[in-house]
Each structure stands twice: as structure tokens, then as C-alpha cells.
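Let's take a walk through this one, going from the domains to the sheets and then on to the ligand shell. Keep the viewer open while you read.

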Amino acid sequence: MLADLPSEPAQTPAQPIDEAVVRAVDRALAALRRGEEVVVATADGGVGAVVSVESVPNDAVARLKRLTGGEPMLAVTRRRAVVLGLIQDDRPGTAGDDRPGTAGAVMLAAPGGLTPEQIRALADPEHYPEGRLPPGLTAAPAEPGSFAAAAVEMARLARLLPAAIFARAAGVQGTAAGWAGRIDRLLVGARDVNDYRVHVVRTLRRVADARVPLSGAENTRIYAFRPADGGPEHLAIVIGEPAPDQPVLARLHSECFTGDLLGSLRCDCGDQLRGAIAEIARQGSGVLLYLAQEGRGIGLVNKLRAYRIQDLGFDTVDANEILGFEADERVYLPAAEMLRQLGFSAVRLMTNNPEKLRQLARCGIEVVERVPHIFPANGHNEAYLRTKAERSGHMF
Ligand SMILES: Nc1nc2c(ncn2[C@@H]2O[C@H](COP(=O)(O)OP(=O)(O)OP(=O)(O)O)[C@@H](O)[C@H]2O)c(=O)[nH]1
Ligand SMILES: [Zn+2]
């Protein structure tokens with residue numbers, strides 16, 4: 001059935017607003033990764049500038065102060081503020097939270113301002129001197145749509161440590177765009193940052209597909225889906241010829257460079273990837289979505305940081321949280337959108353993860369059955385698998 005699809009798929013034009021938003025945000029993310037300040041405009045007319053903690057030189061605070069005339073503050077995730085003991089954990093985690101991009105932020109400040117060293121220590125667990133917080137440190141929850149919320153969300157989206165320095169600009173004449181132009185920095189809207197994940201999904205387009213015979217699954221085609229921001233493609237690996245009017249056997253596999261490509265034994269991803277392809281081929285047809293959300297959505301660099309923390313004795317959930325992330329930052333909107341564009345509305349989902357079942361259903365795909373997808377431990381991943389069962393609810 002899928003083979004009947006034209007190889008050059010009809011391009012449904014995205015709503016122009018979506019593409020403009022994702023491009024603006026994506027440009028801002030690239031600037032942030034380079035260590036540049038980005039101008040942020042809030043819906044209530046505020047203008048400020050943001051710079052990531054991770055990619056900035058030591059004079060960033062002074063530079064931001066000069067640029068804006070305002071007092072720089074540090075924005076971290078609520079999760080990081082909880083880990084630092086600055087606020088109570090009173091908010092549910094991402095499990096069951098269907099508001100992508102709304103992870104809370106907390107503003108940190110100290111009398112006389114935070115030094116670059118203090119900022120680094122507050123944001124980065126590897127630089128945290130045990131138990132020593134800057135004297136007089138205050139922590140205040142940030143409103144959604146604020147500079148702080150946008151700052152943290154941009155750092156997360158850029159796959160950096162989820163922390164950023166921001167300052168409200170004082171005495172800006174004219175518009176935010178005018179000011180950004182005068183100081184030669186990119187401008188982004190706080191609301192657009194907040195909505196980015198949803199917008200970007202709406203711009204996913206099938207850009208290429210080809211026959212790729214796989215060992216043990218020779219009748220296979222790979223379809224590539226690209227978002228309008230030029231970000232990484234998600235892939236659909238379609239084995240056999242699944243009928244769109246039937247529930248399709250499906251596996252949602254999140255990218256794992258270490259497990260999938262290198263055969264790392266820290267996790268079970270390599271076995272699950274090859275095992276899914278073999279099982280789909282055995283059952284005759286199905287689809288494996290290879291989703292570009294490495295490290296449960298925190299990116300490869302942060303996953304390596306999480307591994308360092310795990311090597312100190314913390315489990316995979318704690319390690320994410322110490323870095324300031326939720327245990328699982330993945331979203332399944334792109335997966336649902338790809339299934340829809342391939343013509344599927346119902347799945348038999350190969351997973352042990354109850355959250356995947358919930359999320360996919362919430363994104364409008366009917367999950368008619370859960371197909372367990374379990375592989376034996378390998379001598380290195382026992383603790384990892386145990387944590388998934390005990391703390392993430394995996395059904396082993
Ligand atoms: N942050 C983090 N990510 C990890 C770690 N180990 C593996 N991963 C990532 O976890 C993801 C594994 O995803 P899946 O196999 O799809 O997921 P799952 O949640 O175990 O669910 P099922 O396999 O479907 O039961 C990949 O993106 C890996 O890169 C870790 O210790 N920390
Ligand atoms: Zn893995």
C-alpha cells in the first residue's frame with residue numbers, strides 16, 4: 001500500500017506562521033550555542049537578552065550588563081532548583097504532563113549579582129561545591145512566557161545544560177526589533193519559544209524515501225521527515241507492506257548513538273532496535289520510527305554528562321534530575337504526525353514503557369495493543385533496567 005505513495009510526496013504547505021516561528025527560534029538556538037546573546041521579547045512588551053551558561057566566556061555577565069543596562073540573573077529549571085534545595089518539589093514530573101515546552105523555570109539572584117563562578121556552580125553539577133550556595137541567594141519561580149522561562153527553554157531546546165543568564169533591557173527606545181538590529185543580535189519571542197515544539201511538528205514533511213533491504217528484512221523502505229527549522233530528520237522504517245486500514249505493528253525507537261551504533265552495553269537500545277526489526281519482519285509487516293531524541297530527549301552531550309553522574313552511584317533518573325532535566329524529556333507528537341502522514345491511525349505498540357502508550361494516545365493515535373519488547377540483561381545494564389522498572393514504571 002505504501003509503495004503506491006508518490007516518491008515525491010505532495011507538499012502540504014505549512015501555515016506560514018509555523019515556519020516563520022520555527023526558523024526564528026532555530027536561528028536563536030544556534031546563536032545561543034555559539035555563545036551569543038539573543039534578544040527576547042515578552043508578550044507584555046518587555047525586552048531583554050539571554051545567554052546560555054554553557055557556551056559563554058567568563059565575561060558574559062559583565063557583557064550582558066553592558067548590553068542591556070539591566071541586572072543579570074540566572075534561570076534554571078524547577079528541577080535543578082529542587083536538586084539545589086532552593087524550592088520544594090511540588091509539581092508533577094513530565095509523566096502525565098502533556099504541556100511540552102512548559103517546564104517551569106526558577107530565577108536565581110544574589111545581592112550584588114552572581115559571579116561567573118557562582119553561576120557555573122549553580123548550573124553545572126560537575127562544578128557544584130558541595131553544600132555551598134552563594135550568600136543571600138534568592139530563588140523565585142518564573143511565570144510562563146517570562147524571560148527566565150524562555151531562557152531555560154531555549155537552553156534545553158539547544159541541547160545545552162538547561163540554564164541561562166538573562167537581563168531585562170533598561171530604557172530601550174522604539175521596538176524590540178529595532179534594538180536587536182542596533183546591537184546586532186537575533187530577536188525571538190518568548191511565546192514562540194514556548195510554542196516551538198508544537199510548531200515544529202506541524203512543519204514535518206516527508207522529504208525522501210528509498211528501498212533499503214535490511215539483513216533479515218529485505219522488503220524495507222526508509223522515509224525521512226524533516227522539520228522546517230532544518231533540524232535533524234526523523235525516520236520511518238517501513239517493513240513489508242502494512243495496510244493503513246489495520247492497526248500497524250509499530251516500534252517508537254528513540255535515537256541512542258551509543259547503543260544503536262556502537263553496541264554500548266550501558267543500555268538495552270541496540271538489542272531493542274535490531275530485535276524490533278527482526279520481530280516486525282517475522283510478523284510480516286510494520287513500522288519502526290527512529291526518533292531524533294537522543295538520551296531521552298536531553299541530547300548526546302548531556303547523556304554523557306548523565307553517565308558521569310551515574311558513575312558516581314546515581315541511577316539514570318537521578319542523573320537526569322541532577323542535571324536539571326526531567327527523567328524523560330521526550331515528546332511523541334512527531335511520532336504521531338509521521339504515522340498520520342504514512343496513513344496509519346492505529347498501532348500495536350512494541351514497548352514496555354507505559355508513558356509511550358499514554359503519550360501516543362494523547363497525540364491522537366489509537367493504541368489497540370501493547371506488544372512487550374523485552375531483552376535479557378547483558379552484565380552491564382542490570383541496574384539501568386531495574387531503575388526503568390522501579391522508577392519509570394516499565395513493564396518487565
Ligand atoms: N538520559 C539518559 N538517556 C538514556 C540513558 N540510557 C539510554 N538512554 C536513552 O534512552 C532512550 C531509550 O529509549 P527507548 O528504548 O525508546 O525507550 P524506553 O523508554 O526504554 O521504552 P521501551 O524500550 O519502549 O520500553 C534513548 O534515547 C537512549 O539514548 C541514560 O542513562 N540517560
Ligand atoms: Zn541506549
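What follows is a tour of a predicted model, taken piece by piece.

**Two domains**

The domain assignment splits the protein into domain 1, residues 16-199, and domain 2, which is made of 204-293 plus 330-391. Taken over C-alpha atoms, the centres of domain 1 and domain 2 are 33 Å apart. Where the two meet, nine residues of domain 1 are in contact with nine residues of domain 2. On the domain 1 side, the elements giving two or more residues to that contact are α1 (16-34) and α7. Of these, α1 provides the largest share, with four residues. What kind of residues make up the side of domain 1 that touches domain 2? They come out as four nonpolar, no polar and five charged.

**The sheet that starts from β5**

One open sheet has seven strands, ordered β5-β4-β3-β6-β2-β1-β7, and its pairing is mixed. At its edges are β5 (138-141) and β7 (187-189); each has a single partner strand, so one side of each has no neighbour in the sheet. Neighbouring strands here are turned by 35° against each other on average, ignoring direction.

At the β5 edge, β4 (residues 105-109) pairs with β5 in the antiparallel sense over four bridges. If you want a pair to click on, V106 has P141 in β5 as its bridge partner.

Helices lie across this sheet too. Helix α5 (residues 147-157) crosses β1 (38-41), β2 (47-52), β3 (73-77), β4 and β6 (163-168), and runs at about 145° to β6. Helix α7 (residues 190-202) lies across β1 and β7, at about 70° to β7. That is the α7 already met on the side of domain 1 that touches domain 2.

Then there's α4 (residues 116-123), where Q118, I119, R120, L122 and A123 are buried. Those buried residues pack against α2 (60-68), β3, β4 and β6.

**The sheet that starts from β8**

Another open sheet of seven strands runs in the order β8-β9-β10-β12-β11-β13-β14, again with mixed pairing. Its edge strands are β8 (205-211) and β14 (366-371), and each of them has a single partner strand, so one side of each is left without a neighbour in the sheet. On average, neighbouring strands are turned by 25° against each other, with direction ignored.

Here are some of the strand pairs in this sheet, each with one residue pair to look up.

| Strand pair | Sense | Bridges | Residue pair |
|---|---|---|---|
| β8 and β9 (220-226) | antiparallel | six | R205 and R226 |
| β9 and β10 | antiparallel | six | A224 and L235 |
| β13 (346-350) and β14 | parallel | five | V347 and V367 |

Which strands does helix α9 touch? Helix α9 (residues 269-283) packs on the sheet against β10 (234-239), β11 (248-254), β12 (286-291) and β13, and its direction makes about 170° with that of β11. Helix α14 (residues 354-362) lies across β11, β13 and β14, running at about 165° to β14.

Helix α13 (residues 333-341) is mostly covered, with seven of its nine residues buried. The buried set is L333, P334, A335, A336, E337, M338 and L339. After α13 comes G343, whose phi is positive, near 100°.

**Around ligand 1**

Now for the ligand. There are 23 residues around ligand 1, and the ones that come nearest are S254, C256, T351, N352 and N353. The elements that each supply at least two residues of the shell are β11, α9, α10 (294-297), α11 (300-310) and α12 (316-322). Which of the elements gives the most to the shell? It's α10, with three residues.

By class, the shell around ligand 1 has five nonpolar, twelve polar and six charged residues. Two of the contributors, β11 and α9, have come up before: they are the strand and helix whose directions make about 170° with each other.

Methods. Residues are numbered from 1 along each chain as its sequence is written. Chains are lettered from A and ligands numbered from 1 in the order in which they are written. This is a predicted model: local features need pLDDT of at least 70, side-chain atom pairs count only at pLDDT 80 or more; totals for chains, interfaces and linings use all residues. Two strands pair if DSSP finds at least two bridges between them. Axes are lines fitted to C-alpha atoms, for helices over the stretch in contact, and angles run from 0 to 180 degrees between N-to-C directions. Two residues are in contact if their C-beta atoms, placed from the backbone, lie within 7 Å. A residue is near a molecule or strand if its C-beta atom, placed from the backbone, lies within 6 Å of it. Ala, Val, Leu, Ile, Met, Phe, Trp, Tyr, Cys and Pro count as nonpolar, Asp, Glu, Lys and Arg as charged, and the others, Gly among them, as polar. Domain bounds come from an automatic or database domain assignment. A residue is buried if 20 or more other C-beta atoms lie within 10 Å of its own, exposed if 12 or fewer, and partly exposed in between; C-beta atoms are placed from the backbone.
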